[in-house]
Amino acid sequence: MSQIRNIVFVSYIQDPYRSGNSTDIMTANLLRGMSANGHRITFVAIVDQGCDPGNLERFYGALVDRVICVPGRLNLANETKLTVFSRVIRGTVFPYRYAQLEEVAEICRRSCDLLIAHANPPEAQFFCRRLKQMAPRVAYWQYWSDPFAYGGIHPDRLPVKRWIHYFLERRMLSWPDRVIYGTRTLAMIQKKKFPRFAEKMRYIDVPYSFSDEGSQSGNREYQYFCGYFGLYDSSCRNVFPLYRALKKHPEWKMIIVGSGDSEIVSTDNIELHGRVPQAEIEFFEQNTQVYVVVLNHTCVQIPGKVFYRTGGRSTILVVLDGDYKTDIKEYLEPFQRFEFCDNTEESIEAKLRQLSVSGFNREAWDSQPLSPVQVGQDLVTGGKPC
């Protein structure tokens, strides 16, 4: 492919000032990285009903050259799971008609070098499939930060109710010229599960959050010794060993921000919050000395939050769990940015005791491989082989 200058990037997105999730953070970091490398980005934001286009323009307009809001057909925030899934089936088999489709297709025909669809959820793929049909000369790549069929489950235990997900995903993987995954471990699993498309599969790493770039150096007092941020549903993550280890040490102040079905409560040294706006999460995270991530015990997906704070000063503790913990550790260890322990009360307690006296030296770490600029360039050049 000749030098890439103009990119159309399509992703489902939520209102950045009202809600947000890991996919939205990843989207913003990639857009920032690609723009910093000199690429001209048209960001096509697929949104649910009720999303304020002005908020999207204000937030993402600072990262890209142009923002085009497109009302989505799945309407994830307002419909039942059954309704959404029926619409996924419909969109996979019969292309939807979207507002602004002709406008974006004209951009693709006139000045676009590369079309990138970010999933999961898969609606960006539906939109880009139609764009590719209307502008067949443009290169079309899919970027999957999470899989569709094997999302949140063990890759060797596909239940019968997920079979249709598998066949839908296989159909979607037939559409693009290249498929790029969010981590090497995910790409390797997907190559085994979809061997027909293995040759066009690559991966990129997950960039750190550009909001941390101003807090990389300097001395500061942390408000919390330890913090956990995100979902803690027992069906996918076991946070009880972490919780019990902290309860035993009243001198270690901890904050938990998120939601789940695990029965944990605030204590004298453990501060508990539900879901809060992204700006509040970032404030808490930047005031936490040890940033804890508990791996999923049910699947091979690495939570994006493992990477988002690597650009800051906090020590990042990865609590290993699940059948793929060895593979994930082998992938993460060479970055020389993470601390590891097993998901047992004893292992967590011992590691935190060690980190309480010797933390992370940010100035000695090479941040370049996980910077938004480097990962954005990796994406535009087609990802890395695995």
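1. Let me start with an oddity: Q100 is partly exposed, with a relative accessible area of 30% (buried means under 20%, exposed over 50%, partly exposed in between, using a 1.4 Å probe and protein chains only). Q100 sits in the loop between α3 (81-93) and α4, where helices (H or I, at least four residues) and strands (E, at least two) are DSSP runs numbered from the N terminus. Its phi is near 70°, a positive value in a residue other than glycine. Most residues other than glycine have a negative phi.

2. Before going further, some ground rules. The model is predicted, so local features need pLDDT of at least 70 and side-chain atom pairs count only at pLDDT 80 or more, while totals for chains, interfaces and linings use all residues. Residues are numbered from 1 along each chain as its sequence is written, and side-chain values use heavy atoms, with hydrogens and water left out.

3. Q336 is a second residue to look at for its backbone. Its phi is near 55°, again a positive value in a residue other than glycine. Q336 lies in the loop between α11 (325-332) and β13 (338-342), and it is exposed, with a relative accessible area of 67%.

4. Next, the peptide bonds between β4 and α5. The bond from A119 to N120 is cis, with omega near 10°, and another cis bond joins N120 and P121, with omega about 10°. N120 is in the loop between β4 (114-119) and α5, and P121 belongs to the loop between β4 and α5 too. Most peptide bonds are trans. I'd have a look at this stretch in the viewer.

5. Overall shape: the chain has 13 helices and 13 strands. Its radius of gyration is 21 Å, close to the 21 Å that the globule rule gives for 386 residues, so the chain is as compact as a globular protein of that length (the radius is taken over C-alpha atoms, and the rule is 2.2 Å times the number of residues to the power 0.38). The C-alpha atoms fill a box of roughly 60 × 50 × 40 Å along the principal axes.

6. On burial and contacts, 58% of the 386 residues are buried. Of the contacts with a separation of 6 or more, 75% are between residues 24 or more positions apart (contact means heavy atoms within 4.5 Å). The accessible surface comes to about 16400 Å², 48% of it belonging to carbon and sulfur atoms (Shrake-Rupley method, 1.4 Å probe).

7. How are the strands of the open sheet ordered? The seven of them run β3-β2-β1-β4-β5-β6-β7, with parallel pairing (strands pair if DSSP finds at least two bridges between them). β3 (66-71) and β7 (201-203) are at the edges with a single partner strand each, so one side of each has no neighbour in the sheet. Neighbouring strands are turned by 25° against each other on average, direction ignored (axes are lines fitted to C-alpha atoms, for helices over the stretch in contact, and angles run from 0 to 180 degrees between N-to-C directions).

8. At the β7 edge, three bridges join β6 (178-181) to β7, and the two run parallel. V179 has M201 in β7 as its bridge partner. Helix α6 (163-173) packs on the sheet, touching β5 (139-144), β6 and β7, and its direction makes about 145° with that of β5. Helix α7 (184-193) also packs on the sheet and touches β5, β6 and β7; its direction makes about 165° with that of β7.

9. Which residues of helix α4 (101-111) are buried? They are L101, V104, A105, I107 and C108. They cover an arc of only 155° around the axis, which puts them on the same side of α4 (the arc is that of the directions from the helix axis to the C-beta atoms). Their cover includes β1 (6-12), β2 (40-47), β3 and α5 (123-134).

10. Helix α9 (278-286) can be read likewise: its buried residues are Q278, I281, F284 and E285. Their arc is only 120° around the axis, which puts them on the same side of α9. They pack against α1 (22-36), β8 (224-229), β9 (254-257), β10 (270-273) and β11 (288-294).

11. Last, T315 in strand β12 (315-320). It is buried, with a relative accessible area of 5%. Leaving out residues up to four places away in sequence, T315 touches Q289, V290, Y291, R337, E339, L355, G359 and F360.
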